[in-house]
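Below are some remarks on the model you sent round. They are set out as numbered points, to be read with the structure open.

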Amino acid sequence: MSLKRERMSERIHQILSQLLLREISDPRLQDITVTEVSLDPELMYAKVYVSAMGDEKREAEVMQGLRRASGYLRREVGKRIRLRNTPELHFYWDSTLAHADRINAIISRLDIPAEVTDDERKEDNPAH
């Protein structure tokens, strides 16, 4: 990713995070986190990944709220950054945290025997 795209992605990420935290009153969009923003090479489209931090059941209502607020959010991003064209915002649900939680739960349920050290092997086998 070019440096300009990377900087713009980060700036849009910051702006959207602030807007969702401080300026959006829609209850569907409370406690929403922008996890990533990815811009296309022409800076015309932004993929915005969001999460409700562990509350996967809210996906449908959050996405509906974001669709409704997308015009306002794009306008506000346009006011706060200097680009010839404000990127069109496309919102996606980020399920990475849910996948990580599932993997951690599976790992925690595994019955992995403790590793035997060299000292313990010597104690079990006194011939050596």
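**Notes on the predicted model**

1. Asp31 sits in the loop that joins α1 to β1 (33-39). This is a predicted model, and the backbone at this residue deserves a look: Asp31 is not a glycine, yet its phi is positive, about 60 degrees. The side chain is not hidden, because a relative accessibility of 63% puts Asp31 over the 50% cut-off for exposed.

2. Leu43 raises the matching point. Leu43 is also no glycine and has a positive phi of about 60 degrees. Its place is the loop between β1 and β2 (45-51). Is Leu43 buried or exposed? With a relative accessible area of 11%, Leu43 is buried.

3. For orientation, the overall layout is as follows. The protein has 4 helices and 3 strands, and from the N terminus on these elements come in the order α-β-β-α-β-α-α. Of the 128 residues, 31% are buried. Taking the contacts between residues at least 6 apart in sequence, 66% join residues that are at least 24 apart.

4. Next, the packing of the helices α1 and α2. Their axes lie 10 Å apart and make an angle of about 125 degrees. That angle falls between the 65 to 115 range for roughly perpendicular and the over 145 range for roughly antiparallel, so the two helices count as oblique to each other. The crossing of α1 and α2 is right-handed. From α1, the contact is made by Arg11, Ile12, Ile15, Leu16, Gln18, Leu19, Leu20 and Glu23; α2 brings Leu66, Tyr72, Leu73, Glu76, Val77 and Arg80. Sorted by class, the contact of α1 with α2 has 9 nonpolar residues, 1 polar and 4 charged.

5. Two of the charged residues in that contact pair up. Arg80 forms a salt bridge with Glu23, and their closest N and O atoms are 3.2 Å apart. The pair links distant parts of the chain, since Arg80 belongs to helix α2 (residues 59-80) and Glu23 to helix α1 (residues 3-23), 57 residues apart. Neither residue is buried: Arg80 is partly exposed at 30% relative accessibility, and Glu23 is partly exposed at 39%.

6. What else is linked to Glu23 and Arg80 in a network of salt bridges? Glu76 and Lys79 belong to that network too. In total the structure holds 5 salt bridges.

7. Two further salt bridges can be checked by eye. The side chains of Asp26 and Arg28 meet at 2.7 Å, N to O; Asp26 is buried, with a relative accessible area of 17%. Glu61 forms a salt bridge with Arg58, with the closest N and O atoms 3.3 Å apart. In this second pair the partners differ in burial, because Arg58 counts as buried at 13% relative accessibility, whereas Glu61 is partly exposed at 34%.

8. A last point concerns Arg67, which is in helix α2. Its relative accessible area is 57%, so Arg67 counts as exposed. How far apart in space are Arg67 and Phe91, C-alpha to C-alpha? The two C-alpha atoms are 7.8 Å apart, while in sequence Arg67 and Phe91 are 24 residues apart.

Note on methods. Residues are numbered from 1 along each chain as its sequence is written. This is a predicted model: local features need pLDDT of at least 70, side-chain atom pairs count only at pLDDT 80 or more; totals for chains, interfaces and linings use all residues. Side-chain values use heavy atoms; hydrogens and water are left out. A salt bridge is a side-chain nitrogen of Lys or Arg within 4 Å of a carboxyl oxygen of Asp or Glu. Buried means under 20% relative accessible area, exposed over 50%, partly exposed in between (1.4 Å probe, protein chains only). Axes are lines fitted to C-alpha atoms, for helices over the stretch in contact, and angles run from 0 to 180 degrees between N-to-C directions. Angles under 35 degrees count as roughly parallel, over 145 as roughly antiparallel, 65 to 115 as roughly perpendicular and the rest as oblique. A crossing is left-handed if the near helix is turned anticlockwise from the far one by less than a right angle, and right-handed if clockwise. Contact means heavy atoms within 4.5 Å. Ala, Val, Leu, Ile, Met, Phe, Trp, Tyr, Cys and Pro count as nonpolar, Asp, Glu, Lys and Arg as charged, and the others, Gly among them, as polar.
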